[in-house]
Amino acid sequence: MTPVVDLQGVSRVYRLGAVEVWALREVWLRIYPGEFVAIMGPSGSGKSTLLHVMGCLDRPTGGTYLLDGQDTSRLTDDALSEVRNRKVGFVFQTFNLLPRLTALQNVELPLLYAGVPRWQRRRRAAELLARVGLADRMHHRPHELSGGQQQRVAVARALVNDPAIVLADEPTGNLDSRSGEEVLALFQELNDSGVTIALVTHDPEVAEHARRVVGLRDGRLVRDEPVPRPRRARDVGGHVPHEGTTSSGV
Amino acid sequence: MIVGLGEAFLVALEALRTNPLRSVLTTLGVVIGVAAVIALVSTGQAARSRVVGEFASLGPDLLWVLPGKAEQGQQFATQEGRFTLTDSDAHAIRREARAVSGVAPWLQTSVEVAAGGRREVTTVIGTTPDYLQVRALQLEVGRFLSEGDGQRRKRVVVLGPVLARQLFRTSELALGGRVVINGRAFEVVGVLRPQGQVLGVDLDDRAYIPFSTAQLLFSVNYASFLFVKAQDTASVLRAKREVERVLRREHGEEDFTVLTQSQFLGALDAILRVLTLALSSIAAISLLVGGIGIMNIMLVSVTERTREIGIRKAVGAKRADILTQFLMEAVAVSLVGGILGMGVGLGASWVISGRLLNQPLSAVSAVPVVVLAFSFSVLVGVVFGVYPAWRAARLDPIQALRYE
């Protein structure tokens with residue numbers, strides 16, 4: 001089976017004037033379809049850089065990176081955009097939704113850049129929003145949604161192009177524990193249905209929800225082990241009306 | 001796959017709606033620029049056709065003999081050789097040029113004209129009896145200047161109707177009255193019928209005195225220029241050749257210029273064209289300023305939306321997508337501004353040409369102006385939008401996502 005992520009001795013060096021900073025040092029890592037990997041490490045350990053390289057937002061300065069079997073080391077910026085569009089779904093700590101767009105339009109965005117016609121975009125985005133339990137919030141703008149709801153919109157956006165892997169950067173970092181739990185439950189549910197997920201966190205409790213934990217320190221891989229009994233997030237399921245900050249005047 | 005232009009235009013309009021005041025103010029810059037260009041170009045056109053029309057109404061069989069030789073490719077002589085034409089040239093032309101039906105020398109000065117305690121500063125013209133026929137003037141009362149007046153340098157004057165009314169109240173009272181011109185007393189022998197205005201100049205407040213008297217009065221021995229009338233429209237060019245032949249022989253050199261009415265109109269038209277162009281160029285500067293306004297706002301907008309750009313790139317937008325998006329916003333601003341400016345400009349020129357110039361704006365003449373304004377405003381949007389858009393397109397997605 002082809003690994004979704006195949007990092008072969010990948011390094012990433014930043015040059016700050018005369019100083020070289022090794023964010024990643026010869027990292028070897030494979031993630032296979034259907035896996036749910038948590039990437040752990042203290043701040044400055046290189047976990048965000050690793051996620052950026054895996055998501056083709058950044059290029060390695062050494063080694064080779066195959067994403068879904070495709071060598072991405074020598075691709076142009078535009079080609080990387082296309083790879084991100086087709087193979088990667090991002091979920092960020094700060095949600096990163098476009099504030100002017102409705103939930104539906106936000107979820108449509110990757111399809112827009114994939115050149116999918118409008119009516120098809122609409123249908124597909126609506127499907128995904130229903131899947132994350134926000135069918136009744138489709139025409140709300142981000143500021144009309146709670147943090148947990150916003151993050152679920154972001155998850156729907158990440159899934160809309162049917163990517164090879166979903167990459168999440170501290171997805172629960174800006175959420176209260178209850179909403180965080182819901183988002184983790186959503187990730188587990190998606191993973192159960194076959195979606196490959198890599199999640200960056202510094203929180204061991206969050207990491208316990210994955211099936212495999214990878215540890216980073218000073219840009220090196222220092223730990224890689226399965227989680228024998230992943231902790232199940234309390235699956236509240238669907239949208240949660242008593243979540244407070246929702247106050248749209250609709 | 002790059003997002004289509006129609007889609008990008010809708011996204012752009014959406015973005016502009018989120019900051020309405022800013023969008024309106026930026027658009028206003030373009031509105032003013034385009035309106036100014038359109039108003040000046042089309043008013044200039046209307047003014048030109050009015051002026052040319054008035055000159056054309058003088059008659060196609062008219063020729064002008066001007067002192068000095070025009071340079072190759074030019075229609076008017078430069079200052080040198082201003083005083084080469086004389087009364088005897090007029091006589092020679094009248095004697096020998098067969099295709100010519102009348103010749104009138106012209107000498108003009110602005111002086112004070114007084115009668116019975118009233119004074120007017122007006123144009124006094126020295127000319128000969130032929131002038132009446134050359135310019136097809138008609139008398140209200142009395143007679144025009146005669147050959148005898150010229151030969152004896154008599155101090156007689158023919159008044160324009162407006163001047164006659166100003167000095168004597170009525171034309172009848174003017175006839176036989178005394179007028180003091182430049183300190184000398186003149187007898188009024190006739191009053192002309194009204195001619196109206198040409199180029200805003202009133203032709204009816206002038207005074208006409210014999211050419212020889214005028215030379216004496218103003219102490220000069222030349223004519224400003226000669227009016228020549230051809231026998232008919234068909235013989236204009238023959239008349240021109242004859243006049244040139246006679247004057248070459250009289251002067252021994254070619255120190256004069258003969259212009260037909262069509263040449264004169266051409267030259268006049270060219271001058272007005274340049275004038276219109278100059279005014280429009282000044283107006284175009286305001287369009288330029290409008291463009292700079294767009295660029296300024298777009299640069300601000302790109303900075304403010306750095307994070308948005310990062311997000312769009314993270315989900316798969318290419319450079320061209322981002323470039324198109326911001327370029328479209330600039331073009332949308334300038335296009336909307338262009339359309340509004342076109343309305344304002346056409347409205348203004350309709351008022352100006354219709355009310356002030358009495359020259360209704362024709363739909364035909366408006367078409368090139370509209371096309372011009374439309375393409376110009378799109379051009380402004382592209383030119384001033386491309387740099388901010390390019391800055392947006394080349395942002396690094398990671399940096400952009402980190403931007404607060």
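Which residue of S5(A) does A:Leu67 stand opposite? Keep that in mind while you get your bearings; the model on your screen is a predicted one, and this tour starts with chain B before coming back to the strands of chain A.

**Stop 1: all of chain B**

Select chain B and colour it by secondary structure. You should find 14 helices and twelve strands. Chain B has a radius of gyration of 32 Å, while the globule rule gives 22 Å for 404 residues, so the chain is more spread out than a compact globule. Turn the view along the principal axes and the C-alpha atoms fill a box of roughly 100 × 50 × 35 Å. If you colour by burial, 43% of the 404 residues of chain B come up as buried. Contacts across the sequence are worth a look too: among those in chain B with a separation of 6 or more, 81% join residues 24 or more positions apart.

**Stop 2: the two domains of chain B**

Now give each domain its own colour. For domain 1, select residues 5–54 together with 267–402 of chain B; for domain 2, select 85–254. Domain 1 is thus written as two stretches of the chain, and domain 2 as one. Place a marker at the centre of each, taken over C-alpha atoms, and the distance between the markers is 54 Å.

**Stop 3: where chain B meets chain A**

Next, show both chains and pick out the contacts between them: 17 residues of chain B touch 20 residues of chain A. On the chain B side, the elements that give two or more residues are H11 (306–314), H12 (319–356) and H14 (397–402). Zoom in on H11(B), which supplies four residues, the largest share of this side. Colour the chain B side by residue class and you will see nine nonpolar, two polar and six charged residues.

**Stop 4: strands of chain A**

Hide chain B and select residues 5–16 and 62–67 of chain A. These are strands S1 and S4, and they pair in the antiparallel sense over five bridges. Label A:Val5 and look across to S4(A), where its bridge partner is A:Leu67.

Add residues 70–71 of chain A, strand S5, which pairs with S4(A), also in the antiparallel sense, over two bridges. Here is the reply to the opening question: A:Leu67 stands opposite A:Gln70.

Finish at the hairpin of S4(A) and S5(A), with two residues between the strands. Click on A:Asp68 in this hairpin and check its backbone: phi is positive, near 55 degrees.

Key: Residues numbered from 1 in each chain as written. Chains lettered and ligands numbered in written order. Predicted model: local features only at pLDDT ≥ 70, side-chain atom pairs only at ≥ 80, totals over all residues. Domains from an automatic or database assignment. Pairing = 2+ DSSP bridges. Contact = placed C-beta atoms within 7 Å. Nonpolar A, V, L, I, M, F, W, Y, C, P; charged D, E, K, R; others polar. Rg over C-alpha atoms; globule rule 2.2 N^0.38 Å. Buried ≥ 20, exposed ≤ 12 C-beta atoms within 10 Å, placed from the backbone.
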